[in-house]
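Please open the model in your viewer and keep the sequence panel beside it. The stops below go from the whole chain to the ligand and then to one sheet.

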Amino acid sequence: MDDDQGMRRSVEELRQTFKSGKTRGVDWRKAQLRAILRLIEENEDNLFQLLQSELGKHPVESYRDEIGIVKKSVDQALSCIDQWMSPKKGWLPLLFFPASRTMLPEPLGVVLILGSWNFPISLILDPLIGAISAGNTVMLKPSELAPNCASFLAKIIPVYLDPKAIKVTEGGKEVSKQLLEFKWDKIFFTGSTKVGKLVMAAAAKHLTPVTLELGGKCPAIFDSLPNSDMKVAAKRVASGKWGACCGQACIGVDYMLVEQNFATTLIEELKKTIKMFYGDDMRNLKNISRIVNKVHFDRLRNLLEDPTIANCIVYGGSFDEKNLIIEPTILLDPPLDSEIMNDEIFGPLLPIITLDNIKESIEFINSKPKPLALYAFTKNQIFKKQILSETSSGSVTFNDTMVQFACDDLPFGGVGESGFGRYHGKYSFDTFSHEKAVLERSFYLELEPRHPPWNVFKLEF
Ligand code: NAD
């Protein structure tokens, strides 16, 4: 689809398909969901290869974060869709008797899904599963920064899925902007807060509802822990920092907060863990993804080349420009007004900020925009309650990182600058549905006092 006319025709075809009513039927929805499963299963090796070459993802990582996630979502949608689609009955006040009340989910119509590059397959297919389950027609625009994955999706989706109802447009921000000019019934955007604002402004022109899955700085509070818990916690932090697309993940740990007297212990444990997971030979780092492109590589290198930052590096700091690999890097107490402490890092650099008392972490977090994810490693129940009641974030995970993403019964989404709206499991279905309120009354029994002339009411004014 390379010109404006082509795009217009595609959007028009999606609208006609929606109007035909074909996507509303449960059989169509299930057939498309099964087709996604086939698409994944029959192209699994190809996908492993693509993700390896595009982002350097290890196949286990690719399975966990992309292929497995999509399969799990399709399986759940297939087993729950009848229930999700069924009208929900409810009670009415006696005053309305006799009457019935129903909430009827209906598809929104023609939806646009804009994806990010860091999980180039799952961040397109996972929302698509929700949009199809809810009975919509869909335009997908994968990120141009993972061009091979985008081309793969553009080629393979029409082979497996209904091409009149699900289309893919390739291209960069100019194409996104063109797409955003059209009237959609819903826009689902995954990307940066900066572009999220542009998406919302474009949507406002048509009063189109949006779900914005954005980013930000996700903190990890690290309370003092006994030695054995500490080892487990360090592994989970390392996984949440370097284990998913090398820190290029919206819910990856951005920075850590720790009490001063515990910082050395934490850093030593993290160093051991990094060596165990990835090795310490910069020329031969194992099991770690690469930086997506030279622009992001240079952005991350510039963060470290800031003279106020350079002497805060306590581990790592090496770069392999040819292969776009950056070593897992730990920084201790970089200045709080430095770029690294104010912009989303989105890479393998981990600042650790020391505090006199771990309780100060709450104030620290509250001084920044609301994060998408907040992690806290602690056994202190009172502190946990305090974190829950005194901070605001898309999610809170105690004593682990990233795992909340894989729980379909938990809504996934941000709050404040990390976005709004939510998806995964039933929440995805709801995100792409309108729950229509239906009230049906009988002609039997009329409560006359509700109508004028209201003689029965003797009100005094
Ligand atoms: P991005 O905002 O640059 O791009 C996202 C999408 O928007 C792409 O499809 C791109 O083509 C399009 N786009 C870019 N500039 C545009 C413009 N000016 N007008 C219209 N469209 C435009 O984000 P990214 O680099 O792909 O991803 C990184 C960001 O995404 C990070 O902030 C990260 O935290 C966030 N993210 C969030 C989630 C989540 O689920 N919340 C998941 C992954 C990434």
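What follows is a short tour, with a selection to make at each stop.

This is a predicted model, in which local features need pLDDT of at least 70 and side-chain atom pairs count only at pLDDT 80 or more, while totals for chains, interfaces and linings use all residues. Residues are numbered from 1 along each chain as its sequence is written.

Select the whole protein chain and colour it by secondary structure: there are 15 helices and 18 strands, where helices (H or I, at least four residues) and strands (E, at least two) are DSSP runs numbered from the N terminus. Buried residues, those with 20 or more other C-beta atoms, placed from the backbone, within 10 Å of their own, make up 44% of the 461 residues.

Next, select the ligand and the 28 residues around it, of which Ser176, Gly191, Val195, Gly215 and Cys250 come nearest; a residue is near if its C-beta atom, placed from the backbone, lies within 6 Å. Helix H7 (173-181) and helix H8 (193-204) are the elements that give two or more residues to this shell, and the largest share, three residues, comes from H7.

Finally, select the open sheet of seven strands, which run in the order S10-S13-S14-S9-S8-S15-S16 with mixed pairing; two strands pair if DSSP finds at least two bridges between them. Strand S10 (313-315) and strand S16 (395-398) stand at the edges with a single partner strand each, so one side of each is left without a neighbour in the sheet. Zoom in on S13 (residues 329-332) and S14 (residues 349-355), which pair in the parallel sense over four bridges, and find Leu332 opposite Ile352 in S14.

Conventions:
Buried ≥ 20, exposed ≤ 12 C-beta atoms within 10 Å, placed from the backbone.
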